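User: Please take a close look at one helix in this structure. I want its geometry, its packing partners and its place around the ligand, in one connected answer.

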Amino acid sequence: MKDYPYWWDTVPQSTVHSSHSIVGGHQSPVDIAIVGAGYTGLAAARHLARVGATVAVLERERIGFGASSRNGGQVLTGFKVGPAALVARYGERRARELFDRSRDSIERVEALIAQESIDCEYERVGHLQAAWKRSHFEAFRDERELLSRVFHHRVELVSRADQRTELGSGVYHGLLVDEGSRALNPARYAAGLAGAATRAGARVVTGVGVTRLAKSGSRWIVSTTDGDVEARDVLLATNGYTNGAAPALQRRLVPIGSYIIATEPLSAAEAASVLPRGRVVFDSKHYLYYFRLTSDRRLLFGGRAEFSRPGPETTRRAAAILRSGLVKIFPELAAKAIEYAWGGNVAFTRDQMPRAGRLDGMYFAGGYCGHGIAMATYLGELVARRMAGEPIEHPLFDDLFAPIPFYNGRPWFLPLVGAYYRFRDLVD
Ligand SMILES: Cc1cc2nc3c(=O)[nH]c(=O)nc-3n(C[C@H](O)[C@H](O)[C@H](O)COP(=O)(O)OP(=O)(O)OC[C@H]3O[C@@H](n4cnc5c(N)ncnc54)[C@H](O)[C@@H]3O)c2cc1C
């Protein structure tokens, strides 16, 4: 079993390691230094370079190393916070505005892929939300009504009796079908964005970790493992991988592990029986499962099997938990070999809504709570437009983003949170 993302085997090495190596003190000052080469940093870099800024993207590992090449590739409508909670929290008008922005973010991804000819297996497949309990399917009815009335967004329900037209499992209690969601190959998308940013004139440097950010007069000194870079402005695009180089952002984002396994390729008949319409799927538990097929017909099966951050031991444990989940849902796949298992950090905010803005004089965007493919692209670009001087107002801009009380970047409370959500899955 390979212990790295399946997606990494689908991108040429030449597209994830930059040929620029050195910052090393020889780098002339730049307008903008961006820390992190995931969707946020790369979408921002592309925009800023296109409007004439000199841009350096500094990435500790490889392009898309963080969540951007580890995710499930589900480009979903909405937020982690569901429609009913959005309305309860913000009222109908603001909730609708937020939901509309999530749809804008998908349109933006689609437009970028077309404009930059990014070859990333992008498909308008729609998503299924699968009801883990009968009561969850009843809640889907209310959600459908709310989505239509408040958000003008149409979804369909499929009862348990009919669900095999969409999903080859008898475990779930019916489905909600949302045609607005999409699928893509996340690592190819990240590599494609990096190519677009580079073509626009940004310098994307891999293998260079930022260790310290300090103000010197009106400029930033960005200290790296390869020397210092001077910049007018800094964008923190480090999300769930934020480290001590950005302590203020670290105190606002909680990294939570999410894990995925990938089977060996299924036969065409097996794949058609598992997901007849090739949609992407997630279920209604707190400890949710999410799954989909790849272009070579593997079943990718993910979940929050462990709350702790990925490492060799947690990934092995998570893979065993996910495998037994997969077999419960698709018993006919019990004999299939699991060829890949990996984990990644999902960045959560306290209220489970993403944010962009300014913190201690630096720009940031992040906290997508597992709904980040489209939102990171979109907020990365928006924050870049603001950095370029556009007077942008946006409901997700928050320059007063508060730190999480009693939290310094080490999420000591995750075992408690994990136990709480396990309990909720039992009783809800
Ligand atoms: C397992 C998993 C499944 C997911 N599934 C989905 C899904 O199906 N759909 C969806 O919409 N979202 C999903 N997400 C979330 C989505 O992947 C993220 O929201 C998105 O990729 C965030 O992009 P980003 O650019 O902000 O951060 P990242 O892609 O995490 O990039 C941050 C980068 O910063 C770099 N970095 C950090 N610190 C430094 C430093 N000091 N110096 C230099 N570089 C640094 C890291 O190496 C990293 O590459 C999933 C996430 C995970 C982990």
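The answer below starts with one helix and works outward.

Analyst: The model is predicted. The helix to look at is H8, residues 373-387.

Start with its length. H8 has 15 residues. At 1.5 Å a residue, they should span 21 Å. The end C-alpha atoms of H8 are 21 Å apart, so expected and computed spans agree.

Next, burial. A residue counts as buried if 20 or more other C-beta atoms lie within 10 Å of its own. In H8, 14 of the 15 residues are buried, so the helix is largely enclosed by the rest of the structure. After H8 comes Gly-389. The phi of Gly-389 is positive, near 105°.

Now the ligand. H8 supplies at least two residues of the shell around the ligand. Helix H1 (39-50) does so too, as do strands S2 (55-59), S3 (74-75), S12 (254-263) and S16 (338-348). The shell holds 45 residues. They divide into 17 nonpolar, 24 polar and four charged. Which residues come nearest to the ligand? They are Gly-36, Gly-38, Gly-66, Gly-344 and Gly-372. Glycine is counted as polar in that division.

H1 is also a packing partner of H8. Two packed helices are described by the angle between their axes and the distance between the axes. The axes of H1 and H8 come within 7 Å and cross at roughly 40°. That makes H1 oblique to H8, because angles under 35 degrees are needed for roughly parallel. The crossing of H1 past H8 is right-handed.

From H1 the path leads on to helix H4, residues 186-199. Here the axes come within 8 Å, and the crossing angle is roughly 20°. H1 is therefore roughly parallel to H4. This crossing of H1 and H4 is left-handed. H1 thus has a right-handed crossing with H8 and a left-handed one with H4.

Two residues of H4 deserve a closer look. Ala-194 sits in H4. It has 28 other C-beta atoms within 10 Å, so Ala-194 is buried. Ala-194 also has a contact in space to report: its C-alpha is 7.8 Å from that of Ala-37. In sequence, Ala-194 and Ala-37 are 157 residues apart.

Gly-195 belongs to H4 as well. Is Gly-195 buried, partly exposed or exposed? It has 18 C-beta neighbours inside 10 Å, so Gly-195 counts as partly exposed.

Gly-195 also gives a distance to a remote site, His-152. These two residues are 43 apart along the chain. Their C-alpha atoms are separated by 36 Å. His-152 lies in the loop between helix H3 (134-149) and strand S5 (156-158). It has 11 C-beta neighbours inside 10 Å, so His-152 counts as exposed. Its phi is positive, about 50°, although His-152 is not a glycine.

Asn-239 is another non-glycine with positive phi, near 40°. Its loop runs between strand S11 (227-236) and helix H5 (247-250). With 28 C-beta neighbours inside 10 Å, Asn-239 counts as buried. So His-152 is exposed, whereas Asn-239 is buried.

Back to the helix in question. H8 is largely enclosed, crosses H1 obliquely and contributes to the ligand shell.

Technical notes:
Residues are numbered from 1 along each chain as its sequence is written. This is a predicted model: local features need pLDDT of at least 70, side-chain atom pairs count only at pLDDT 80 or more; totals for chains, interfaces and linings use all residues. Helices (H or I, at least four residues) and strands (E, at least two) are DSSP runs, numbered from the N terminus. The expected span of a helix is 1.5 Å times one less than its number of residues. A residue is buried if 20 or more other C-beta atoms lie within 10 Å of its own, exposed if 12 or fewer, and partly exposed in between; C-beta atoms are placed from the backbone. A residue is near a molecule or strand if its C-beta atom, placed from the backbone, lies within 6 Å of it. Axes are lines fitted to C-alpha atoms, for helices over the stretch in contact, and angles run from 0 to 180 degrees between N-to-C directions. Angles under 35 degrees count as roughly parallel, over 145 as roughly antiparallel, 65 to 115 as roughly perpendicular and the rest as oblique. A crossing is left-handed if the near helix is turned anticlockwise from the far one by less than a right angle, and right-handed if clockwise.
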